[in-house]
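User: Please take a close look at one part of this model: the second largest pocket and the secondary structure connected with it.

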Amino acid sequence: MSNGRMGILVGGGPAPGINSALSAATIGAINRGVEVVGILDGFDHLIKGRTDMTRPLRIEDVSRIHDKGGSIIRTSRANPTKTPETLRQTVDTLRQLGIDRLVTIGGEDTGSAAGAVAHESGGDIRVAHVPKTIDNDIPLPANAPTFGFETARHFGTQFALNLMEEAKTTNRWCMMVVMGRKAGHLALAIGKSTGATVTVIPEEFGPGDITVPDVCKVIEGAILKRRAYSRNYGLAVVAEGVASRMDPDHLSSMPGVEVGYDAHGHIRLEKIPLAAILEGQLTRQFAERGENLPFVSITLGYELRCAAPIPFDVDYTRTLGSGAVKFLFEETQRPSGIVCLEGGQLRVVPFEDLQEADSGRIGTRLVDVTSDHYAVARQYMIRLNREDLNDPGLVARMAESGNMDENTFRERFGPLLEAEAVRMSA
């Protein structure tokens, strides 16, 4: 006899470890005598009132999927909170399906939606959210990573190391733009693990006051500084989230760019060819001084999202998926929330504890540019700093390598470095 009916859905972009979390939750629930329903394509069909886009999940369906990438029940970015009507319809559809417990797997958007569903149901539907995103930008306790991040860093580092060797072998510069909607965690982790020449993340700039030429000047400064030490090659890693700090009108002014927004109101960064934009601007900056800059750029992101999880993420997600079920069926007096692992112990944080007061959305964890973690990353970069301008010999060599005089060099980079120093000390 069934002891209830539990639904599982996945929202947002893929991340390594989804199937492992889904497997653990399914097995844990079935072993408690609970019927498990996989809801296809996230919230998409629930919003439309469709009860047919589901599939029963059995132990034999999930017992050997923990080491596979992707999601056997697929995913989508559909937003049930877009209107009060879509939220009510989502809850009504879950009730029609007989689901009173729900496991959601996703990032901050899916987590925010899951919290809204739990609240709208008046407690009739208990929700346990398993946080995933390769962006690592959900503010989990004790700075715990989101699942999928470690796998993305692992494979991203392999790509970056190959590019480093490409740069050295061909004596030119390469640039890798790395996925990360608002935060630079993944770009910084890949750059730090690789020993990339320079890494640029959005947290280094104020919102709305960054432009394409600003980002290119950071890379240009690194190129000239490295030349001053007789190295004509290097790798720049750039977080795609730098575009999220730019004025949308500035982005729209770029050739071939049309700014669009997803179902949750975020700029669709995947539609902005940031690597091509930065490469074009950089080559123009050097061409203005009569130089043809050998440069190659790629974008890395989709290649990582459906990768098979490394052992860390399999281990991690099995604990989180099992913990979600344990919470839903054993801790019935506690409010719905987000499943976390802190100090080896499972913990469920109520949605309200991570939601922003004004928007009701789960906040974004950004890179702390005042932390030792970031300071060490900067320490090992070959990157132009304000202190470099106090070294006349270095300035002379860098200016010469850029075909400009020393005053022009200081005028070109001084304001940008001064502004950065002010932001970092704020």
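Analyst: A pocket is an open set of points, on a 1 Å grid over the protein atoms alone, where a 1.4 Å probe fits, with protein on both sides within 12 Å along at least five of seven lines; lining residues have an atom within 4 Å of a point. The model is predicted, so local features need pLDDT of at least 70 and side-chain atom pairs pLDDT 80 or more, whereas totals for chains, interfaces and linings use all residues. Numbering starts from 1 along each chain, and side-chain values use heavy atoms, without hydrogens and water.

The second largest pocket holds about 290 Å³ (the space filled by probe spheres set on the points, which are joined across faces, edges and corners). Its lining has 15 residues, and Asn136, Asn143, Phe149, His185 and His373 lie nearest the centre. By class, 6 of the lining residues are nonpolar (Ala, Val, Leu, Ile, Met, Phe, Trp, Tyr, Cys, Pro), 4 are charged (Asp, Glu, Lys, Arg) and 5 are polar (the others, Gly among them).

Helices α6 and α7 each contribute at least two residues to this lining (helices are DSSP runs of H or I of at least four residues, strands runs of E of at least two, numbered from the N terminus). Helix α6 spans residues 149–170, and Phe149 is one of the residues nearest the pocket centre. Helix α7 covers residues 185–194, and His185 is likewise among the residues nearest that centre.

Both helices can be followed to a sheet. Helix α6 lies across β6, β8 and β9 (contact: heavy atoms within 4.5 Å), and runs at about 165 degrees to β6 (between N-to-C directions of axes fitted to C-alpha atoms, from 0 to 180 degrees). Helix α7 packs on the sheet by touching β6, β7 and β8, and its direction makes about 160 degrees with that of β8.

The sheet is open, with 4 strands in the order β7-β8-β6-β9 and parallel pairing (at least two DSSP bridges between two strands). Strands β7 (198–200) and β9 (295–300) form the edges; each has a single partner strand, so one side of each lacks a neighbour in the sheet. On average, neighbouring strands are turned by 15 degrees against each other, direction ignored. Within the sheet, β6 (residues 173–178) and β8 (residues 234–239) are paired in the parallel sense over 6 bridges, with Trp173 opposite Gly234 in β8.

For comparison, the largest pocket has a volume of about 450 Å³. Its 25 lining residues include Gly13, Arg77, Asp135, Arg181 and Arg305, the closest to its centre. That lining divides into 7 nonpolar, 6 polar and 12 charged residues.
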